[in-house]
Amino acid sequence: MLDSFFLPAEQGVHELDDLETVRKSFDWKQAEHQFSWHETGKINAAYEAIDRHTEKGSADKVALYYSDLSRDESYTFGEMKKLSNKAANVLKQKADVRKGDRVFIFMPRSPELYILFLGVIKAGAIVGPLFEAFMEGAVRDRLEDSEAKVLCTTPELLKRVPYQLLPHLKHIVLVGDGINEDEYFIDYKKAMDQADNDFLIEWMDREDGLILHYTSGSTGKPKGVLHVHEAMVQHAQTGRWVLDLKKDDVYWCTADPGWVTGTSYGVFAPWLNGVTNIVRGGRFSPSDWYQTIEKYGVTVWYSAPTAFRMLMSAGKVLAEKHNFSSLRHVLSVGEPLNPEVIRWGWQVFKKRIHDTWWMTETGAHMICNYPSMKIKAGSMGKPVPGITAAIVDDSGIELPPNTMGNLAIKKGWPSMMRAIWNNKEKYDSYFTSNGWYVSGDSAYMDEDGYFWFQGRVDDVIMTSGERIGPFEVESKLVEHPAVSEAGVIGIPDPIRGEIIKAFISLREGFEASEKLKEEIYHFVKNGLAAHAAPRKIDFKDKLPKTRSGKIMRRVLKAWELGLPTGDLSTLED
Ligand code: PRX
């Protein structure tokens with residue numbers, strides 16, 4: 001068992017102070033009243049996120065603070081309404097965008113990205129955000145599979161768009177300078193200057209497509225996960241329950257919109273709740289990040305373990321130069337949150353870091369730590385009200401507490417994916433015949449109802465007859481003072497079935513050596529269990545990670561076994 005510890009519940013007024021009572025009586029219908037569809041029967045997520053607030057007296061409130069090395073700007077809800085109207089006009093009139101069309105955005109983070117994102121939705125199209133770092137093959141796969149009609153990009157990134165090979169792509173909107181406009185290429189700036197400030201929003205049914213996020217499977221091509229407008233019910237509600245967003249918060253989600261965290265919780269949740277949202281462009285840098293918190297007085301901060309670990313590696317001295325007193329609530333997502341990181345957050349920010357578990361496919365929070373809950377460090381927390389989670393066996397039968405199995409969610413929640421684009425068979429394969437969505441993660445639930453992540457089902461290691469989740473071992477490894485990050489896999493062994501191999505990147509000031517390997521081995525052996533200690537260790541400068549910060553264990557495994565690495569489009573540079 002992990003070296004876990006408890007942090008007490010937070011004092012204050014939180015919507016889930018009485019979690020169990022809310023859980024018993026809650027139904028997602030109760031969360032719908034804030035939206036306008038009760039009058040019209042129709043909705044549009046961009047209207048609910050932006051325009052609705054301008055009609056309720058918040059037109060002059062800041063919706064977006066944007067900064068990078070060369071820009072420092074702010075936009076009110078009123079300005080975002082106007083600009084997204086203009087963008088919608090450009091898309092509809094110049095690029096012939098119609099309801100249900102797929103419009104992709106392949107751009108670095110910038111205000112224009114968010115304006116176009118909202119414009120696409122207002123025009124009734126399905127928005128497809130792409131990481132700016134994608135190379136040609138990755139861009140092509142996604143535009144081809146979705147039969148995208150329009151792409152918004154920059155002149156620099158256009159070099160990675162093989163548009164001549166994409167017959168469905170009818171127009172490209174270019175955001176930049178010196179653009180030669182023609183029938184095909186639309187100059188964003190020029191078109192925006194000419195566009196009308198008003199736009200007749202395309203009103204949608206709740207089951208109409210909203211967003212298409214491509215996510216990589218462990219093999220084969222990436223799959224397009226489709227979410228619909230109704231998802232916003234859950235984005236808004238979990239924004240209050242889990243992110244604890246309140247009207248005057250200054251909220252910073254560090255995720256890129258190419259990843260679902262950067263849309264569900266980087267666009268929808270904050271803006272549906274009328275909260276001021278911060279976007280920082282450019283690359284990660286510890287001192288820039290700390291300055292961002294200070295400069296804007298960030299109150300709620302949502303990031304990922306990989307970023308926290310990098311901040312940890314940057315050392316306490318740097319952290320101590322900054323003032324974090326504005327922070328009220330800190331959260332993490334995307335991979336397991338090591339207890340060591342929670343301990344560090346408690347020292348440096350004087351805050352509990354709240355782990356949250358969900359997936360591209362689930363569209364929004366599923367299992368989380370709420371302010372009102374005691375945190376068991378290393379646990380993902382408990383299901384949000386309205387969500388039924390369980391550990392099931394391969395045929396969908398529920399398993400008793402403290403048994404490792406498939407983490408599953410009872411089918412039917414607002415932000416559940418509605419399709420894998422063009423692949424019904426794949427979509428159906430997620431569900432058991434008795435109505436469970438099977439996540440592909442392995443976990444167990446303890447006797448208090450807390451869920452503990454063990455790894456992707458394919459990552460679980462069997463050694464000497466024991467099942468070991470790589471995360472437990474990785475968490476122990478990063479407690480060692482020399483270890484910055486660790487990825488653990490099982491490799492075949494004639495005697496033990498598998499043995500554990502760890503790939504480790506060291507903190508600054510530590511040298512790789514056989515002696516250090518020995519020391520780390522004993523550290524895990526004494527701290528966790530002999531069978532869980534890595535018998536093999538490789539030191540690496542960097543571990544292979546996805547752009548969202550997940551250690552790609554399958555790449556480690558492929559390196560190790562000399563196998564093909566599969567789809568690498570989401571690998572960071
Ligand atoms: O394996 C789990 C891991 O990330 C997967 C989902 O990846 P993605 O769709 O890219 O993420 C979307 C936004 C969360 C999960 O199946 N994962 C996510 N959150 C956690 C996690 N693993 C452990 N703890 C978490 N809190």
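Strand 26 and strand 27 make a hairpin, with 3 residues between them. The strands here are DSSP runs of E with at least two residues, helices are runs of H or I with at least four, and both are numbered from the N terminus. Strand 26 covers residues 483-493 and strand 27 residues 497-506; they run antiparallel and are joined by 10 bridges. Pairing, for the record, takes at least two DSSP bridges between two strands. Within this hairpin, Ala486 has Ile504 of strand 27 as its bridge partner.

A word on the model and its numbering. The structure is predicted, and local features need pLDDT of at least 70, while side-chain atom pairs count only at pLDDT 80 or more and totals for chains, interfaces and linings use all residues. Residue numbers start from 1 along each chain as its sequence is written.

UniProt, in an unreviewed entry, puts the feature "domain: AMP-binding enzyme C-terminal" at residues 472-550. UniProt positions follow the numbering used here, feature names are shortened, and annotations may be inferred rather than shown by experiment. Over residues 472-550 the chain is 28% helix and 32% strand, with the end C-alpha atoms 15 Å apart.

Next come the helix pairs. Two packed helices are described by the angle between their axes and the distance between the axes. The axes are lines fitted to C-alpha atoms, for helices over the stretch in contact, and angles run from 0 to 180 degrees between N-to-C directions. Helix 15 (residues 470-479) packs on helix 16 (residues 514-527) at an angle of about 120°, the axes being 10 Å apart. The two are therefore oblique to each other; angles under 35 degrees count as roughly parallel, over 145 as roughly antiparallel, 65 to 115 as roughly perpendicular and the rest as oblique. Helix 15 passes helix 16 in a right-handed crossing, where right-handed has the near helix turned clockwise from the far one by less than a right angle and left-handed has it turned anticlockwise.

Helix 4 (residues 77-94) and helix 5 (residues 111-122) have axes that come within 7 Å and cross at roughly 60°. That makes helix 4 oblique to helix 5, and the crossing is right-handed. For helix 3 (residues 45-54) and helix 9 (residues 261-272), the packing angle is about 55° and the axes are 8 Å apart. This pair is therefore oblique too, but the crossing is left-handed.

On to the sheets. One open sheet has 9 strands in the order 3-2-12-11-13-14-15-16-18, with mixed pairing. Strand 3 (72-76) and strand 18 (382-383) stand at the edges with a single partner strand each, so one side of each lacks a neighbour in the sheet. Inside this order, strand 11 (residues 250-253) pairs with strand 13 (residues 300-303) in the parallel sense over 3 bridges, and Tyr251 has Val300 of strand 13 as its bridge partner.

Another open sheet has 4 strands in the order 19-20-22-23, and its pairing is antiparallel. Strand 19 (389-392) and strand 23 are its edge strands, each pairing on one side only. Neighbouring strands in this sheet are turned by 50° against each other on average, direction ignored. Strand 19 is joined to strand 20 (residues 405-410) by 4 bridges, with Ala408 of strand 20 as the bridge partner of Ala390.

That leaves the ligand. Of the 20 residues around the ligand, Pro336, Trp357, Met359, Thr360 and Phe453 come nearest; a residue counts as near if its C-beta atom, placed from the backbone, lies within 6 Å. Strand 15 (353-357), strand 22 (436-445) and strand 23 (451-456) are the elements that give two or more residues to this shell. By class, the shell has 8 nonpolar, 8 polar and 4 charged residues, with Ala, Val, Leu, Ile, Met, Phe, Trp, Tyr, Cys and Pro counted as nonpolar, Asp, Glu, Lys and Arg as charged, and the others, Gly among them, as polar.
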